[in-house]
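Subject: A structure for you to look at

Hi there,

Here is the structure I promised to pass on to you. Please open it next to this email and follow along as you read.

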Amino acid sequence: MTTPVCTSASDAAVSARQTRPYPSFASYVRARQPVLLRTARSLTANPSDAEDLLQTALAKTYVAWERIEDHRALDGYVRRALLNTRTSQWRKRRVDEFVCDELPEPEPVGGGDDPTERQALHDAMWRAIMKLPARQRAMVVLRYYEDLSEVQTAEVLGVSVGTVKSAVSRALGKLREDPELDVAR
């Protein structure tokens, strides 16, 4: 019979497995799906493909749920599954080429579907955000880019919810007045 040399390490491992931040797979998906979907959208060009990609990665995570010991690393596991799945899809894709007399160029689409215009707007938005004071910038990024609620933003920054509301309101007012973003309206 052998006894553990370091009982505190083995006790910590047992307690870590027993106190998981997400008691079930469903609770994890409910809590983290919006963030993971944004990651999937950054890997694909089509929002529907991103949803399919996330669904496949979550299915792989569900199969491995009991084997994952450190549930604090679940996001990393799912992101790696997203990347591996997308890479596999890309490698398996089939490209068919057809000879034709005329190039099948799509008709120019008016509006905001142009990737160049979207990128220009994205860049202009970041430049405008960078002009905001540090505190307002932090609140806008946490609220709208990290998708945190007002309460969560207040907790992260150590301020009241009312402070978050008023600072975000002032920041959005400044962004509305930014002349560089006037082109997008």
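Before we start, one cut-off will help: a residue is called buried when its relative accessible area is under 20%, exposed when it is over 50%, and partly exposed in between. Take Thr44 as a trial case: its relative accessible area is 11%, so Thr44 is buried. You will find Thr44 in the loop between H2 and H3. Setting aside residues up to four places away in sequence, Thr44 touches Asp49, Ala50, Leu53 and Arg86. Please keep in mind throughout that this is a predicted model.

**The overall picture**

The chain contains eight helices and zero strands. Following the sequence from start to end, you would write the pattern as α-α-α-α-α-α-α-α. Of the 185 residues in the chain, 24% are buried. If you take the contacts between residues at least 6 apart in sequence, 54% of them join residues at least 24 apart.

**A helix with a kink**

Now turn to H2, which covers residues 25-43. How far would a straight helix of 19 residues span, and how far does H2 span? At 1.5 Å a residue, the straight helix would span 27 Å, while H2 spans only 23 Å between its end C-alpha atoms. When you trace H2, look for a kink of about 60° at Arg32, shortly before the proline Pro34.

Several residues of H2 are buried, among them Phe25, Tyr28, Val35, Leu36 and Leu37. What do the buried residues of H2 pack against? Their partners are helix H3 (47-63) and helix H4 (74-92).

While you are looking at H4, find Thr85, which lies in that helix. Is Thr85 buried or exposed? Its relative accessible area is 4%, so Thr85 is buried. Leaving out residues up to four places away in sequence, Thr85 touches Leu53, Thr56 and Lys60. Leu53 may ring a bell, as it was also listed among the residues that Thr44 touches.

**The largest pocket**

Rolling a probe the size of a water molecule over the atoms shows where empty space is left. Here, the largest pocket has a volume of about 560 Å³. It is lined by 13 residues, and the closest to its centre are Arg38, Arg41, Ser42, Arg118 and His122. Which helices each supply at least two residues of the lining? They are H2, helix H5 (115-131) and helix H6 (134-145). H5 gives the largest share, with four residues. By type, the lining divides into five nonpolar, five polar and three charged residues.

**Three more residues to find**

Asp147 is found in the loop between H6 and helix H7 (150-157). Most residues other than glycine have a negative phi. Asp147 is not a glycine, yet it has a positive phi of about 60°. With a relative accessible area of 45%, Asp147 counts as partly exposed.

Next comes Leu172, whose place is in helix H8 (residues 161-177). Its relative accessibility is 24%, so Leu172 counts as partly exposed. How many residues lie between Leu172 and Val140 in sequence, and how far apart are they in space? The two are 32 residues apart in sequence and 8.1 Å apart in space, C-alpha to C-alpha.

Last on the list is Asp178, in the segment after H8. Asp178 has a relative accessible area of 7%, and is therefore buried. From C-alpha to C-alpha, Asp178 and Ile129 are 9.7 Å apart in space, and they are 49 residues apart in sequence.

Have fun exploring, and write back with any questions!

Best wishes

Technical notes: Residues are numbered from 1 along each chain as its sequence is written. This is a predicted model: local features need pLDDT of at least 70, side-chain atom pairs count only at pLDDT 80 or more; totals for chains, interfaces and linings use all residues. Side-chain values use heavy atoms; hydrogens and water are left out. The expected span of a helix is 1.5 Å times one less than its number of residues. The bend at a residue is the angle between axes fitted to the seven residues ending there and the seven starting there. Buried means under 20% relative accessible area, exposed over 50%, partly exposed in between (1.4 Å probe, protein chains only). Contact means heavy atoms within 4.5 Å. On a 1 Å grid over the protein atoms alone, a cavity is a set of points where a 1.4 Å probe fits but cannot get out, and a pocket is an open set with protein on both sides within 12 Å along at least five of seven lines; lining residues have an atom within 4 Å of a point. Grid points are joined across faces, edges and corners, and a volume is the space filled by probe spheres set on the points. Ala, Val, Leu, Ile, Met, Phe, Trp, Tyr, Cys and Pro count as nonpolar, Asp, Glu, Lys and Arg as charged, and the others, Gly among them, as polar.
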